[in-house]
Amino acid sequence: MAAQETPTAYVGGTGDMAASRMRYQSEMSIGVDRFLEPRNTECPWCNSAALKVLLRSPDVVQHKPGRFTLEECGGCGHVFQNPRLTPEGLEFYYRDCYDGYQEALRERMFKLQAATYRGRIAFLDRHASPKAWLDVGAGHGHFCRAARAHWPNAVFDGLDFGDGVDKGVRRGWIDRSHRGPFPDLADDLTGRYDVVSMHHYLEHTLDPFAELDAAARVLPPGGHLLIEVPDPEWPLSRVLGRRWNPWCQPQHLHMFPIGNLKEALRNRGLDPVAEERGMAHQTGADLLMAMVQFWNALMPDPDAPWLPRRGTGYRMSRKAALVAKAPSLALAGFLDVLILLAARSANRGNAYRVLARKAP
């Protein structure tokens, strides 16, 4: 967010800017290592002890202090954050990302995903016509808004932790909001929806198995579960390392090879009926976002309340850097279009979708 766009106060969990800065400084003064659990010696997916470090990364999303490690299982290929953030750590690193200080920035980013929303709609439309849809991890309801235009007679409810889903209701994008952990709310939601979706949600969760169990409980026989997640098997994920945006440290806790996810679905009576790989590829998530991360790390937002205060000289240099970074972003964006064409041709991409049907 540019300096001139930064409000002097904002509505969010941290109050105005001065109070927010004081809160962050107080929390960081006693260190952030306490936000990490002890390291796990086994894969949380298959219990194998054959683990290896895939990458180490700082906070590439907001540049809050801390270092994070992704490890890969040699047994099943599962990638996971190890040591993992505690619930308190997740609150600290998510705060002001999707609401509060950076809410306007995230709103603009969600609006740019119209093509992705259309792809999800077309994918389900070939297999089902929803009557009542629960979007888990709905955010502010941008996807529900797009889907409602295609299925105007369907009910679209949203579930998430933050107050974005409540804002979605006020905007008329979501019919009803549910706030809290999906597994805790599942029993009350059972039988109310014939479609449940998790779009770039499952990788954020502490226990993906519990989330899949919840979906299996909620859906009636014949109901559909639609999942979209980043693909850790995408070759550029290794080439770009921590700059590959879908690694998204520290927010992404689990990354699943598609075979692992389909097996977990079958084990819960959810039969995969369709998948998309190349068509689920997200343009810009590779080179363009890697370049954005590079520039943001080089010259972070001077007004972020968790970062040191910056003087006039830094602000002027940051504005001047806009001229320098524009050609690199344009080139990266152009190359990402070529990567999109290759992904569609090879039916592989930086994300994938799986549609599963609950067995009768």
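Axes are lines fitted to C-alpha atoms, for helices over the stretch in contact, and angles run from 0 to 180 degrees between N-to-C directions. The views below come from a predicted model, in which local features need pLDDT (the predictor's confidence in each residue, from 0 to 100) of at least 70 and side-chain atom pairs count only at pLDDT 80 or more, while totals for chains, interfaces and linings use all residues. Residues are numbered from 1 along each chain as its sequence is written, and side-chain values use heavy atoms, with hydrogens and water left out.

**View 1. The packing of α11 against α12.** Helices (H or I, at least four residues) and strands (E, at least two) are DSSP runs, numbered from the N terminus. The axes of α11 and α12 lie 7 Å apart and make an angle of about 160°, and the two helices are therefore roughly antiparallel to each other, a term for angles over 145 degrees. In contact, meaning heavy atoms within 4.5 Å, are L287, L288, M291, V292 and W295 of α11 with residues of α12 that include A321, L329 and I339. By class, this contact has eleven nonpolar, two polar and two charged residues, where Ala, Val, Leu, Ile, Met, Phe, Trp, Tyr, Cys and Pro count as nonpolar, Asp, Glu, Lys and Arg as charged, and the others, Gly among them, as polar.

**View 2. The largest cavity and its lining.** A cavity is a set of points, on a 1 Å grid over the protein atoms alone, where a 1.4 Å probe fits but cannot get out, and lining residues have an atom within 4 Å of a point. Grid points are joined across faces, edges and corners, and a volume is the space filled by probe spheres set on the points. One cavity of 30 Å³ or more is counted, and the largest holds about 80 Å³ of space. Its lining consists of W295, N296, M299, R318, A321, L322 and K325, with α11 (287-298) and α12 (312-346) as the elements that give two or more residues.

**View 3. Two cis peptide bonds.** The bond from N82 to P83 is cis, with omega near 5°, and P83 is placed in the loop between β3 (79-81) and α2 (87-94). The bond from Q249 to P250 is also cis, with omega near 10°, and P250 belongs to the loop between α9 (236-240) and β9 (254-255).

**View 4. The backbone at D96.** Although D96 is not a glycine, it has a positive phi of about 70°, and D96 lies in the loop between α2 and α3 (103-111).

Notes. 1 Å grid on protein atoms, 1.4 Å probe; cavity = no way out; pocket = protein on both sides within 12 Å on 5 of 7 lines; lining within 4 Å. Parallel < 35°, antiparallel > 145°, perpendicular 65-115°, else oblique.
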